Amino acid sequence: MTKKSQEKWQKILSSIKIIPLLIGVGMFLIAHILTFFQLNGQFLWKSFAKNEWLVAASGIILSIFYIWGTKYIVEAFGGLLWPGRFIGFGIGMVIYALMVSYFFNEGINLKTLTSLILATGLVMVQVFWKI
């Protein structure tokens, strides 16, 4: 990496905007929680299993939270797209693991714990790693 390129990245990463980052993370949290119920509600409630089309249509509303999450994360990182992808992925992994454990009593085994640590690591790299 050239010195000029390194300086550019340092400038971008040192100027992470905290408020848009928090809003984006909040939007991703809401989106992933609602998506969990959209996809797995069929195993919790008979009404979800009987009304697949209605449950699928709720994806329009869910999409708005993903769009907003992406918008705010990209703003927080000065226009960079990759941080939002990894942050969204990491949040999704953690939410899914916690909710499957809570609602379906599927414990978190060593394999899942390792995956969660790696997902958390991805988020931390994107948020805190200064080039």
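## Helices and overall make-up

A helix, as counted here, is a DSSP run of H or I with at least four residues, and helices are numbered from the N terminus. With that in hand, this predicted model reads simply: the protein chain has seven helices and zero strands. Going from the N terminus, the order of elements is α-α-α-α-α-α-α.

Laid along the principal axes, the C-alpha atoms fill a box of roughly 60 × 35 × 20 Å. Of the 131 residues in the chain, 31% are buried. The accessible surface adds up to about 8900 Å², and carbon and sulfur atoms account for 70% of that. As for charge, there are 11 positive and 4 negative side chains, with the centres of the two sets 7 Å apart. Sequence separation is worth a look too: among contacts between residues at least 6 apart in sequence, 76% join residues at least 24 apart.

## The nonpolar patch

Five residues, Leu 98, Ile 108, Leu 110, Leu 113 and Ile 117, make a nonpolar patch on the surface. Together they offer about 490 Å² of accessible area. Which helix gives the most to the patch? That would be helix 7, with three residues. Helix 7 covers residues 110-128. Leu 98, another member of the patch, sits in helix 6, which spans residues 82-104.

## Between helix 6 and helix 7

Asn 105 lies in the loop that links helix 6 and helix 7. Its phi is near 55°, a positive value in a residue that isn't glycine. For context, most residues other than glycine have a negative phi. Is Asn 105 buried or exposed? Asn 105 is exposed, because its relative accessible area of 67% is above the 50% cut-off.

Further along, Leu 122 belongs to helix 7. Leu 122 counts as partly exposed because its relative accessibility is 30%, which falls between the 20% and 50% limits. Beyond its neighbours within four places in sequence, Leu 122 contacts Phe 86 and Phe 89. Phe 86 is 36 residues away along the chain from Leu 122, yet their C-alpha atoms are 6.3 Å apart.

## Helix 2 and its contacts

Helix 2 runs over residues 18-40, and three of its residues are worth a stop. Leu 29 is one of them, placed in helix 2 and partly exposed at 34% relative accessibility. Leaving out residues up to four places away in sequence, Leu 29 touches Ile 91 and Ile 95. Leu 29 and Ile 91 are 62 residues apart along the chain, with 6.6 Å between their C-alpha atoms.

His 32 is also in helix 2. Why does His 32 count as buried? Its relative accessibility is 18%, and buried means under 20%, so His 32 makes the cut. What does His 32 touch, not counting residues up to four places away in sequence? The list is Tyr 66, Gly 88, Ile 91, Gly 92 and Ile 95. Ile 91 and Ile 95 turn up in the contacts of Leu 29 as well.

Then there's Asn 40, in helix 2 too and buried, with a relative accessible area of 11%. With residues up to four places away in sequence set aside, Asn 40 touches Tyr 96 and Phe 104.

## From Gly 41 to helix 4

Gly 41 lies in the loop between helix 2 and helix 3, the latter being residues 46-50. At 0% relative accessibility, Gly 41 counts as buried. Apart from residues up to four places away in sequence, Gly 41 touches Phe 36 and Phe 48.

Val 55 is in helix 4, residues 52-57. At 15% relative accessibility, Val 55 is buried. Which residues does Val 55 contact, leaving aside its neighbours within four places in sequence? They are Gln 38 and Phe 48, and Phe 48 is also touched by Gly 41. Val 55 and Gln 38 are 17 residues apart in sequence and 6.1 Å apart C-alpha to C-alpha. For Gly 41 and Val 55, the separation is 14 residues along the chain and 8.9 Å between C-alpha atoms.

Methods:
Residues are numbered from 1 along each chain as its sequence is written. This is a predicted model: local features need pLDDT of at least 70, side-chain atom pairs count only at pLDDT 80 or more; totals for chains, interfaces and linings use all residues. Side-chain values use heavy atoms; hydrogens and water are left out. Helices (H or I, at least four residues) and strands (E, at least two) are DSSP runs, numbered from the N terminus. Buried means under 20% relative accessible area, exposed over 50%, partly exposed in between (1.4 Å probe, protein chains only). Contact means heavy atoms within 4.5 Å. Patches are made of residues with over 30% relative accessible area and no salt bridge: like charges are joined within 9 Å, nonpolar side chains (Val, Leu, Ile, Met, Phe, Trp, Tyr) within 5 Å. Accessible areas come from the Shrake-Rupley method with a 1.4 Å probe; for residues, only the protein chains shown count as cover. A salt bridge is a side-chain nitrogen of Lys or Arg within 4 Å of a carboxyl oxygen of Asp or Glu. Lys and Arg count as positive and Asp and Glu as negative; His and the chain ends are not counted. The place of a charge is taken as NZ of Lys, CZ of Arg, CG of Asp or CD of Glu.
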